[in-house]
Amino acid sequence: VSKFAVENGYVIHNHRTNSRRWFQPVLDNQKYGWKIDKGELISIHSAARNSVIQGTNSDLVKEAIAMLGLWKSIFKLDFRFLLTVHDEIVIDCPDDKVDFYKTKVVDIMQRAAKKYLIPEIDMHVECKVGKTWQK
């Protein structure tokens, strides 16, 4: 992965979706012939190895948010997005609908994961409920 990044200027996060991360120093080298210093080279190798995992996770969370947003708008639902933290999506909803939303959010996140993971692998989604985000 890291050798490919240095040679081509990008890595593919996920071959099923073809999402990528580009490395500007490599692209500048290819276009202008500028030399990549040793520090940048080490950084590119490290980022390329991490990018495949982190990029796929990021793509998966964005897909889940898009699916939740579509579901919300089609059915005129009364929850709202508050924030994301790494691989978590935090929403706010009425107390009397928590169980309904909890089940649907888990289902939608698992469906989003199917686009990014090997089909035989099911992603485990954990959903926690609290009065505040911290608890």
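**Loops, a buried aspartate and salt bridges**

Good morning. I begin with H86, whose place is in the loop between β3 and β4. Please keep in mind that the structure before you is a predicted model.

What is the sign of phi at H86? The angle is positive, near 55°, and H86 is a residue other than glycine. As for its surroundings, H86 counts as exposed because its relative accessibility is 72%, and the cut-off for exposed is over 50%.

K76 can be described in similar terms. Phi of K76 is positive, about 50°, although K76 is not a glycine. K76 lies in the loop between α3 and β3. With a relative accessible area of 71%, K76 is exposed.

Next, I turn to the hairpin. Strand β1, residues 10-14, pairs with strand β2, residues 19-22, in the antiparallel sense. Four bridges join the two strands. Within this pairing, V11 stands opposite R21 in β2. In a regular strand, side chains alternate between the two faces of the sheet. How many residues lie between β1 and β2 in the hairpin? There are four, and N18 in the turn has a positive phi of about 65°.

I now come to D59, which is found in helix α3, residues 38-75. Is D59 buried or exposed? D59 is buried, because its relative accessibility is 11% and buried means under 20%. Leaving aside residues up to four places away in sequence, D59 touches H13, T17, S19 and Y116. With one of these, S19, there is a polar contact between side chains, at 2.4 Å.

D59 also takes part in a salt bridge. Its partner is K62, and the distance from N to O is 3.8 Å. Both K62 and D59 lie in helix α3, three residues apart, which is about one turn of the helix. Thus the side chain of D59 has a polar contact with S19 and a salt bridge with K62.

How many salt bridges does the model contain? The count comes to nine. I shall describe two others.

In one of them, the side chains of D78 and K97 meet, with 3.0 Å from N to O. This pair links distant parts of the chain, 19 residues apart. D78 is in the loop between α3 and β3, residues 80-85, while K97 is in the loop between β4, residues 88-92, and α4, residues 98-114. D78 counts as partly exposed, because its relative accessibility is 35%. K97, at 32%, is partly exposed as well.

In the other, K114 forms a salt bridge with D122, and the closest N and O atoms are 2.6 Å apart. Which of the three classes does each partner fall into? K114 counts as partly exposed, at 31% relative accessibility. D122 counts as exposed, at 60%.

Finally, I would draw your attention to the surface. L70, I74 and F75 form a nonpolar patch there. Together these residues have about 330 Å² of accessible area. Among them, L70 has its place in helix α3. L70 is exposed, because its relative accessible area is 51% and the cut-off is over 50%.

To close, I suggest that you find D59 in helix α3 on the structure, and then its neighbours H13, T17, S19 and Y116. Thank you for your attention.

Methods: Residues numbered from 1 in each chain as written. Predicted model: local features only at pLDDT ≥ 70, side-chain atom pairs only at ≥ 80, totals over all residues. Heavy atoms only, no water. Buried < 20%, exposed > 50% of the residue type's maximum accessible area, 1.4 Å probe, protein only. Polar contact = N/O pair within 3.5 Å; in protein donor to acceptor, adjacent residues only side chain to side chain. Contact = heavy atoms within 4.5 Å. Pairing = 2+ DSSP bridges. Salt bridge = Lys/Arg side-chain N within 4 Å of Asp/Glu carboxyl O. Patch = residues over 30% accessible without salt bridge, like charges linked within 9 Å, V, L, I, M, F, W, Y side chains within 5 Å. Areas by Shrake-Rupley, 256 points an atom, 1.4 Å probe, with all protein chains shown as cover.
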